[in-house]
Amino acid sequence: MRTVELVCSPGLEVAVRAVWGRLAAAGLPSLARNIHPTNRPHLTLAAVDEFPSGVEHRLAELFDAALPVPVTLDRVVVLDGSAPLVWLVRPTAALTGLHAAVWDVLAEADGHRPWHAPDAWVPHLSLALRFRNADLRLARAVAGGQRPTGDFDAARSYDGTDRTVTPLAGRG
């Protein structure tokens, strides 16, 4: 599987990692426990089985023209009631337009993950992958009520087969 992801600006990344740390310190599930070097806050725009020929170059051109994209984080929720704990990203015209453009570039790819499709996508930054809805109130208290702002200032692709990242623009 190959993903297309936006990467947080340094200040926004620090804010998200701080919440990861506070969740872990409170004994709650947290991505702070994932020590793999590719683990960092990101927004997934799409995931496909493989990139068709030339797609990385087209994505790089798209991101070079579109980034940075301003972002404001919203509330903390559990998606689907018992799955990932996430910080929702407020969708803007720039962000949803970029998302649609990525899907256009990937139109010929096989194995699109439907939850990233433009009509189903819920923009978010993950805080924990397996989370019980019953712990949401505590998680919100630990996360605090702030609504951090920043930018998505880089893009990358994660290769799930060999667990590596390829920069597509910026710091990746």
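Here is a chat about the pocket, the cavity and the strand pairing in a predicted model.

Visitor: Before I get into details, what pLDDT does the protein average?

Guide: This is a predicted model, and its average pLDDT is 92, with 97% of the residues at 70 or above.

Visitor: Which helix has the lowest confidence, and which the highest?

Guide: Helix α4, residues 136-143, is lowest at a mean of 91. Helix α3, residues 93-105, is highest at 97.

Visitor: OK, pockets. What volume does the largest pocket have?

Guide: About 790 Å³. There are 28 residues lining the largest pocket, and the closest to its centre are His 42, Thr 44, His 124, Ser 126 and Leu 129.

Visitor: Which strands supply at least two residues of that lining?

Guide: Four of them do: β1 (2-8), β2 (42-48), β5 (124-128) and β6 (149-159). β2 gives the most, with four residues.

Visitor: And by class, how many nonpolar, polar and charged residues are in the lining of the largest pocket?

Guide: You get 13 nonpolar, ten polar and five charged.

Visitor: Switching to closed space: how many cavities of 30 Å³ or more are there?

Guide: The count is one. The largest cavity holds about 30 Å³ of space.

Visitor: Which residues line the largest cavity?

Guide: Trp 20, Leu 31, Asn 39, Arg 40, Pro 41, His 42 and Ser 126. By class, that lining splits into three nonpolar, three polar and one charged. You'll recognise His 42 and Ser 126 from the pocket, where they are among the residues closest to the centre.

Visitor: Back to β6, then. What does β6 pair with, and in which sense?

Guide: β6 pairs with β1 in the antiparallel sense, over five bridges. Strand β3, residues 69-78, is also antiparallel to β6, with four bridges. Then there's strand β7, residues 164-169, antiparallel to β6 over five bridges.

Visitor: Can I get some bridge partners to click on? Which residue in β6 is the partner of Cys 8?

Guide: Phe 152 is the partner of Cys 8. Pro 70 has Asp 151 as its bridge partner in β6. On the β7 side, Ser 157 is matched with Thr 166.

Visitor: How many residues sit between the strands in the hairpin of β6 and β7?

Guide: Four. In that hairpin, have a look at Arg 163, which takes a positive phi near 55 degrees.

Methods: Residues numbered from 1 in each chain as written. Predicted model: local features only at pLDDT ≥ 70, side-chain atom pairs only at ≥ 80, totals over all residues. Heavy atoms only, no water. 1 Å grid on protein atoms, 1.4 Å probe; cavity = no way out; pocket = protein on both sides within 12 Å on 5 of 7 lines; lining within 4 Å. Points joined across faces, edges and corners; volume = space filled by probe spheres on them. Nonpolar A, V, L, I, M, F, W, Y, C, P; charged D, E, K, R; others polar. pLDDT = per-residue confidence, 0-100. Pairing = 2+ DSSP bridges.
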